[in-house]
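This briefing introduces a structure to a reader who has not met it before. The sequence and the model are shown first, and the notes follow by topic.

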Amino acid sequence: YLFSTSAAKVTVSKALQSVDYEEWIKAIRQEIDQLLSGGTLEPTAPADIVEHCKIIHSTMQLKHKEHADGSSDKYKARLCACGNELYGTIADTYSPTIGALAYATVHQLAIIDSMHMCTVDTVGAYLYQSYPCGPDDLALYLSLPDNVATACGLVPGTLYRIRKYLYGLPDSGRAYYTAYSTHLIDHGYTRSMSDPCLFYNIDGKRRTYIWIHVDDTFVCSTDASDLVRFQNCLKEKFEITVNNDVTEYLGISMKTTPLGVQLTQQKLLKSLFEEFLPRVPVSRSVRTPQRATATADSTPMPQKDYLHLLGALIYLTKSRPDIAKAVSFGATYAASPTVGALAVY
């Protein structure tokens with residue numbers, strides 16, 4: 001039975017049965033080849049496994065990326081280590097991302113001053129930093145899912161030593177941020193005291209601002225040549241892709257209008273409507289003028305589901321600041337969410 005995998009995420013088993021299975025196999029093989037040829041994973045014979053080690057599993061995450069208009073973009077496969085199996089093993093895992101206030105403020109400055117803009121994506125961002133492999137460090141090994149190994153022509157059950165950081169490891173983000181920020185600072189960019197993910201370079205009237213969210217970077221400058229300078233700086237250490245026609249960043253679509261730049265998050269809204277509207281009681285009217293209360297139905301609902309919705313709505317405020325007050329009210333029920341709270345907020 002063959003079916004379409006137009007949905008954003010699919011499992012490996014379903015992908016290999018889909019009508020576009022050849023595209024998925026190509027993406028899976030490309031991911032594994034990159035990890036092996038780049039030295040991230042090293043096949044290890046059982047006799048060579050060191051004593052002081054930890055063996056973990058891995059998963060293959062598949063995603064069919066689409067453009068904002070719904071057209072097909074690319075098939076993406078990413079191998080992730082099961083970092084949850086290292087719980088309590090690694091202490092320092094914190095990695096910052098750009099704060100909402102810093103993001104909004106600098107973006108508005110870029111719009112007001114008609115700055116040149118571009119976005120930069122680091123290809124395989126977490127795969128550049130060497131994993132600690134000293135004599136006193138814990139050696140990490142992982143196994144591939146059997147269907148992934150088979151699709152790549154590899155022997156199922158083979159263990160691979162982790163030589164470079166990998167997606168899924170608890171401290172991968174921290175290692176990448178440290179390497180990325182250090183590289184920028186070494187090349188003359190200053191880290192803002194107000195936000196660890198905001199960098200700048202000011203030379204007279206020339207101003208360049210850089211803000212990062214994991215492996216996605218947004219750059220704006222009063223001088224177009226400074227964008228090129230920044231891109232060349234990154235290319236010294238990382239493989240990057242550049243988009244000089246900025247129409248989207250972190251799922252936020254940007255459209256220039258006579259009144260300024262309009263920000264929308266249509267894909268996020270669509271996914272929220274599809275997931276949550278069917279669960280809202282039909283008697284609830286979104287046009288009710290009176291102030292709604294969350295006491296109508298005190299039936300408890302899964303906290304995980306409520307927090308999932310709350311987190312998405314908080315992110316939605318980047319393009320819809322007008323709902324921030326309502327979202328803040330909804331957050332007051334995060335500890336003990338109810339069906340009534342879901343219906344109201």
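How many disulfides does the structure hold? The structure, which is a predicted model, holds 0 disulfides. The points below begin with the cysteines behind that question, then turn to the chain as a whole, to one helix and to a single serine.

**Cysteines**

- Cys-80 takes part in no disulfide, and its nearest cysteine sulfur belongs to Cys-82, 8.6 Å away.
- A disulfide requires two cysteine sulfur atoms within 2.5 Å, so the 8.6 Å to the sulfur of Cys-82 leaves Cys-80 without one.
- Cys-82 is likewise in no disulfide, the nearest cysteine sulfur being that of Cys-80.
- Cys-80 is buried, with a relative accessible area of 16%.
- Cys-82 also counts as buried, at 12% relative accessibility.

**The protein chain as a whole**

- The protein chain contains 10 helices and 16 strands.
- Of its 345 residues, 39% are buried.
- Considering contacts between residues at least 6 apart in sequence, 68% link residues that are at least 24 apart.
- The chain exposes about 19,100 Å², and 54% of this area is supplied by carbon and sulfur atoms.

**Helix H3**

- Helix H3 covers residues 100–112, which makes 13 residues.
- At 1.5 Å a residue, H3 should span 18 Å, and this agrees with the 18 Å between its end C-alpha atoms.
- Which residues of H3 are buried? They are Ala-102, Tyr-103, Val-106, His-107 and Ala-110.
- These buried residues cover an arc of only 115° around the axis, and therefore lie on the same side of H3.
- Leu-101 and Ile-112, on the other side of H3, are exposed.
- Ser-114, just after H3, takes a positive phi of about 50°.

**Ser-181 in helix H5**

- Ser-181 is located in helix H5, which comprises residues 172–186.
- Is Ser-181 buried or exposed? With a relative accessible area of 3%, Ser-181 is buried, because a residue counts as buried when that value is under 20%.
- Leaving aside residues up to four places away in sequence, Ser-181 touches Arg-191 and Phe-199.

Conventions. Residues are numbered from 1 along each chain as its sequence is written. This is a predicted model: local features need pLDDT of at least 70, side-chain atom pairs count only at pLDDT 80 or more; totals for chains, interfaces and linings use all residues. Side-chain values use heavy atoms; hydrogens and water are left out. Helices (H or I, at least four residues) and strands (E, at least two) are DSSP runs, numbered from the N terminus. The expected span of a helix is 1.5 Å times one less than its number of residues. Buried means under 20% relative accessible area, exposed over 50%, partly exposed in between (1.4 Å probe, protein chains only). The arc is that of the directions from the helix axis to the C-beta atoms. Contact means heavy atoms within 4.5 Å. Accessible areas come from the Shrake-Rupley method with a 1.4 Å probe; for residues, only the protein chains shown count as cover.
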